[in-house]
Amino acid sequence: MKGVQQYIIENRQRFLDELLEMLRIPSISADAKYKSDVARNAEYVAESLKNSGCSKVEIYPTGGHPIVYGEHTIDPTLPTVLVYGHYDVQPPDPLDLWESPPFEPVIKKTDIHPDGAIFARGSCDDKGQMFMHVKAFEAMIKNNALPCNVKFMIEGEEEIGSTNLGIFCKEYKDMLSCDVVLISDTSVIANDIPSITVGLRGLSYVEVEVTGPNKDLHSGVYGGAVANPVQILCDMIASMKDQQKHITIPGFYDDVVVVSDLERAAMNKAPFDKQKYLKGLGIDATMGEEGYTVLEQTSIRPTLEVNGIWGGYIGEGAKTVLPSKAFAKISMRLVPNQKSDTITALFKKHFEGIAPAGVKVEVRPHHGGEAAVTPSDTAEYKAAAMAMKTSYGKDPIPVRGGGSIPIVALFEKVLNVKTVLMGFGLDSDDIHSPNEHYGLYNFYKGIETIPYFYLYYSELKK
Ligand code: BES
Ligand code: MN
Ligand code: MN
C-alpha cells in the first residue's frame with residue numbers, strides 16, 4: 001500500500017488535470033442537443049480506463065447514451081469488484097446563477113473547503129467521484145498492488161433514470177457477474193465525520209398537464225366564470241398534503257416499511273446541527289412531515305415535491321390573460337417496499353379523480369426506480385468501514401441517504417449482488433444546483449481510501 005499511496009501523491013496534479021479536462025465536456029443526458037458531447041465523454045472515460053491499465057475496455061451503444069465497460073482480471077479464482085458510476089450530468093440551469101461557467105472548471109477556496117474546491121457541473125455528481133476510482137485503479141495497477149479482479153460500468157443516463165442500463169444488465173448478466181458493486185455517488189456527513197450510505201430512496205416522477213379553455217383568454221372578459229388551469233393546478237397540488245404534511249393520495253403509505261423505534265433512535269444519533277442546516281440554506285425553519293426529525297424526513301419517509309410549475313404569462317411586464325394550460329413536474333421519493341409503478345398508478349388515479357369540472361388533466365409518467373437498503377453487516381460494508389477508518393482515522397457512521405440511484409435495486413435483483421455506497425461528497429456541494437463543486441480534499445481522500453477497500457475486501461473474502 002505504501003507504493004500505491006506514494007504514487008497517488010506523486011501524481012496528484014495530473015489526476016486533477018485529467019478530471020478538469022473531462023469536466024469541460026457538457027455531458028447533459030437530458031438534453032438531446034448534447035448527444036455528441038455525451039458520446040465524447042464516454043470516449044474520454046474509455047480512454048482514461050485504457051491509459052490506467054485496464055486490459056479490456058469497450059463502449060456499448062444503447063438506445064440512448066453509451067455505456068463504458070472495462071474489465072481487468074488478474075485471477076478468476078479471486079473476488080471481483082464491479083465499480084459503477086456515471087459520466088452524465090444534470091442540466092446546469094439556471095445559468096445566470098453560476099459564478100463561473102458550469103463547463104469551465106475553476107478552483108476556489110470556501111469556508112467548508114479551505115484547501116479549495118473544483119467548481120463545475122458534474123465535479124461531485126458524479127465525474128469527480130467516478131474518476132477517483134479510475135485513478136485509484138491506476139495507482140494499484142502501476143504498483144502491482146491490485147488484490148482482486150475489477151469491472152467498471154460507467155453509464156451516461158443515470159440522471160435520466162438509467163433505463164438502458166437496466167436493459168444492459170439483463171442482457172449482459174454473465175459478463176457483469178461479480179461479488180460486490182462499489183459506488184461513489186453519495187456523500188459523507190462532513191470531512192471530519194466519515195459515513196457510509198446504507199440506503200437510498202426510490203423515485204416516481206410524473207408530469208401533469210391541466211387544460212381549461214381551448215385558448216388563452218382575456219382575464220377580464222372571461223375571468224370569474226371560466227376555470228383558470230394555473231389556479232386549479234395549484235389547488236390540486238396543495239390538496240395533496242394535509243396540515244401534518246402527510247401525503248393525501250389514498251394508498252400512498254400502504255406498503256411503507258415502518259422503521260423500529262430502536263433503529264430511529266440509532267439513526268438520530270448521527271451528528272446533525274439544525275441551526276447550521278438552517279443557516280446554510282438561508283431559511284428560518286424546516287417544514288416536513290409531523291412526528292419525524294429532519295434526518296428521518298429526508299431518508300426513511302416518502303415525500304412528494306413539485307420540481308417545476310409553469311403556465312400563463314411569465315414574460316416582462318404585465319399581461320392580463322387567463323391561460324389555457326398549466327403544467328407541473330412532480331416527483332415522489334419512495335422508501336423500501338413501495339413500488340414505483342404502483343405509486344405512479346395511485347398518483348394518476350388520484351390526480352385525475354380530484355380534477356374539478358371545467359378542466360381536463362393528463363398525467364404522464366417519467367422514470368422511476370425502487371429504494372434500496374445496503375446492510376451494514378456484510379464483508380463489503382466492513383471493508384469500506386475499515387478503509388475509511390484507515391484514511392480518516394475515524395470509524396464511519398452508517399446513514400440512510402435521501403437521494404436515489406435507481407440501478408442499485410436492479411443490481412440486487414438482476415445480478416444478485418449487494419452494493420457498497422462509499423461516497424465522498426458533501427451535502428453542501430450543490431449537486432444539481434448552480435455552482436456545484438467538489439473539494440480537492442474529498443477528491444484525494446477518495447483516491448486514497450479506495451485501494452484500502454480492495455485490500456480489506458479481498459482479505460475478508462479469503
Ligand atoms: N448521486 C445522486 C444521488 C444521490 C445524491 C444519492 C446524494 C445520495 C446522496 C444521483 O446522481 C441522482 O441525482 N439521482 C437522481 C435520480 C435520477 C433517477 C434522476 C435523484 O436522486 O434525483
Ligand atoms: Mn450521481
Ligand atoms: Mn445526480
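**Note on the two manganese sites and ligand 1**

1. The manganese ion (ligand 3) takes its protein donors from D125 (OD), E159 (OE), E159 (OE) and H432 (NE2), at 2.1 to 2.6 Å. Donors here are N, O and S atoms within 2.8 Å of the metal (3.2 Å for Na, K and Ca); water is not among the atoms, so sites may look incomplete. Along the sequence the donor residues of this ion are spaced D-x33-E-x272-H.

2. This is a predicted model, in which local features need pLDDT of at least 70 and side-chain atom pairs count only at pLDDT 80 or more, while totals for chains, interfaces and linings use all residues. Residues are numbered from 1 along each chain as its sequence is written, chains are lettered from A and ligands numbered from 1 in the order in which they are written, and side-chain values use heavy atoms, with hydrogens and water left out.

3. What is the arrangement around the manganese ion (ligand 3)? The 6 donor atoms subtend angles of 55 to 155°, which makes it irregular. Four donors count as tetrahedral if all angles lie between 85 and 135 degrees; four count as square planar and six as octahedral if opposite donors are over 155 degrees apart and all others between 65 and 115; anything else is irregular. Ideal angles for six octahedral donors are 90 or 180 degrees.

4. D125 bridges the manganese ion (ligand 3) and the manganese ion (ligand 2), which lie 3.6 Å apart. D125 is in the loop between β5 (117-119) and α4 (127-142), and E159 is in the loop between β6 (149-155) and α5 (163-171); this pair, 34 residues apart, links distant parts of the chain. Helices (H or I, at least four residues) and strands (E, at least two) are DSSP runs, numbered from the N terminus.

5. For the manganese ion (ligand 2), the protein donors are H86 (NE2), D125 (OD), D185 (OD) and D185 (OD), lying 2.0 to 2.3 Å away. Its 6 donor atoms subtend angles of 58 to 166°, which makes this arrangement irregular. H86 lies in strand β3 (residues 80-86) and D185 in the loop between β7 (180-183) and β8 (187-188), so the pair ties together parts 99 residues apart in sequence.

6. Ligand 1 has 16 residues around it, and E158, D185, R333, S404 and H432 come nearest (a residue is near if one of its heavy atoms lies within 4 Å). Polar contacts are pairs of N or O atoms within 3.5 Å. An oxygen atom of ligand 1 is 2.7 Å from a side-chain N or O atom of R333, and a nitrogen atom of ligand 1 is 2.8 Å from one of D185. The protein covers 89% of the 520 Å² of accessible area that ligand 1 has on its own (Shrake-Rupley method, 1.4 Å probe).

7. Where does ligand 1 lie with respect to domain 1 and domain 2? Domain 1 (2-200 + 371-460) and domain 2 (203-256 + 302-369) both give residues to its shell, so ligand 1 lies between them. The domain bounds come from an automatic or database domain assignment.

8. Some backbone points deserve a check. A cis peptide bond joins D125 and D126, with omega about 0°; D126 lies in the loop between β5 and α4. Another cis peptide bond joins D93 and P94, with omega about -5°. S162, in the loop between β6 and α5, has a positive phi of about 55° although it is not a glycine. Most residues other than glycine have a negative phi, and most peptide bonds are trans.

Terms used:
Polar contact = N/O pair within 3.5 Å; in protein donor to acceptor, adjacent residues only side chain to side chain.
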